[in-house]
Amino acid sequence: MGGLLLSEFTRQHADTLSAPQMTTFSPSTHTQHTPSDIISTVEFNHTGELLATGDKGGRVVIFQREQESKNQPHRRGEYNVYSTFQSHEPEFDYLKSLEIEEKINKIRWLPQQNAAYFLLSTNDKTVKLWKVSERDKRPEGYNLKDEDGRLRDPSMITMLRVPVLRPMDLMVEATPRRVFANAHTYHINSISVNSDYETYMSADDLRINLWNFEITNQSFNIVDIKPANMEELTEVITAAEFHPHHCNTFVYSSSKGTIRLCDMRASALCDRHSKFFEEPEDPSNRSFFSEIISSISDVKFSHSGRYIMTRDYLTVKVWDLNMENRPIETYQVHDYLRSKLCSLYENDCIFDKFECVWNGSDSVIMTGSYNNFFRMFDRNTKRDVTLEASRENSKPRAILKPRKVCVGGKRRKDEISVDSLDFSKKILHTAWHPSENIIAVAATNNLYIFQDKVN
């Protein structure tokens, strides 16, 4: 990617990111939304032509990028609804008397092999493989059926017809091809497709399972951290991901702020890690909240496979795979909240799980914050910017202005006080186009799509 988004951000003070389109997904036209409308995951496919969102109501909405036309060259980049389908339904586990939410926890795309698209979606217990395909022709002229599909009386058939395909309005169909169930006792927090494209893994609080796409009734347990006595439980798995190029390597993060790199060639059960990444704690920063805010909510390999990025409550860290004792980069996301940890603990916000993403060249990272703010950090220039996703400042083709948070003392005109931040507006889920400066940001029940300024 040429010239980089963020280096121009701060230099021109906002002249880079425009909003060619703000897409809002909500079943109702009112500003009020129901909990089922809240977006719970956002994911671009491998080409960036499609963008999928999952919500708490178990729905998957897929947006497709408009193709550029000679008449309207500026429309390139807009995403419109391509397909909507119900992926998961609410269930009830009668053996454990537990309700199983329909909320989509994660969506992962498979690389496109033919005209159809395939994606994995998961709720707390069940992973499904969906096929999304187009139909613009329908067969007509059957011999044994009439046009409505009813069987005809064979005695009435007097001639042999050759069925033909006739054009019809484009239909996008989503069909479930595989259902991977009954393998997790605890809630699934991650799914990751392996680079061999034959297997994928699903991780819950205490175990990670390896699946083959063709086998739904059997998975292999590759990590199990459940202690014999649950009273001795000290940490849980928070996220897991396969290496982008080496099909034998994966990482998983824990609530203790550690990352383990495992190699499946070493043993069938990866109970011994190959590498262990942990930053020693600074005793001067030790507090009642230290353990909670050090819990890692997301882990992502860089596209190159050389680095790992982790997100905890206050920071984003970048680790080099060859250096285990400390991260090579640490970025403060909202350090001004350090003084607010007590109230954030009381309103449960301290347990929010923020995600983080790389841009296509691994040079910029993005993560969310409160007040509908999201943060970007340029790894080369060390510059950062805070932007806001809101309806008020996101008219089509509007320029996003950097926001600043004032901690104390005099507040400037364009700054917002830390005391007036809205903690109910939080950006937990973001996605970055694999090769272009296009980002998708989920703010409660709204999806915002921003792109680099187009002249």
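Me: Before the hairpin, what makes two strands a pair here?
Reply: Two strands pair if DSSP finds at least two bridges between them. Strands (E, at least two residues) and helices (H or I, at least four) are DSSP runs, numbered from the N terminus. The model is predicted: local features need pLDDT of at least 70, side-chain atom pairs count only at pLDDT 80 or more, and totals for chains, interfaces and linings use all residues. Residues are numbered from 1 along each chain as its sequence is written, and side-chain values use heavy atoms, with hydrogens and water left out.

Me: OK, how many residues link E9 to E10 in the hairpin?
Reply: Four. E9 and E10 (residues 127-140) run antiparallel, with six bridges. Ser121 has Lys128 in E10 as its bridge partner.

Me: And which residue stands opposite Leu120 of E9?
Reply: Arg108. Strand E8 (residues 106-109) is joined to E9 by four bridges, again antiparallel.

Me: Is E9 mostly covered or mostly open?
Reply: Mostly covered. Five of the six residues in E9 (117-122) are buried, meaning under 20% relative accessible area; exposed is over 50%, partly exposed in between (1.4 Å probe, protein chains only).

Me: Switching topic. What is the strand order in the open four-stranded sheet?
Reply: E20-E21-E22-E23, with antiparallel pairing. The edges are E20 (298-301) and E23 (329-332), each pairing on one side only.

Me: What joins E20 to E21?
Reply: Four bridges, antiparallel; E21 covers residues 307-311. Lys300 has Met309 in E21 as its bridge partner.

Me: Last one: where is Tyr345, and why is it called partly exposed?
Reply: Tyr345 is in helix H3 (residues 341-346). Tyr345 counts as partly exposed because its relative accessibility is 33%.
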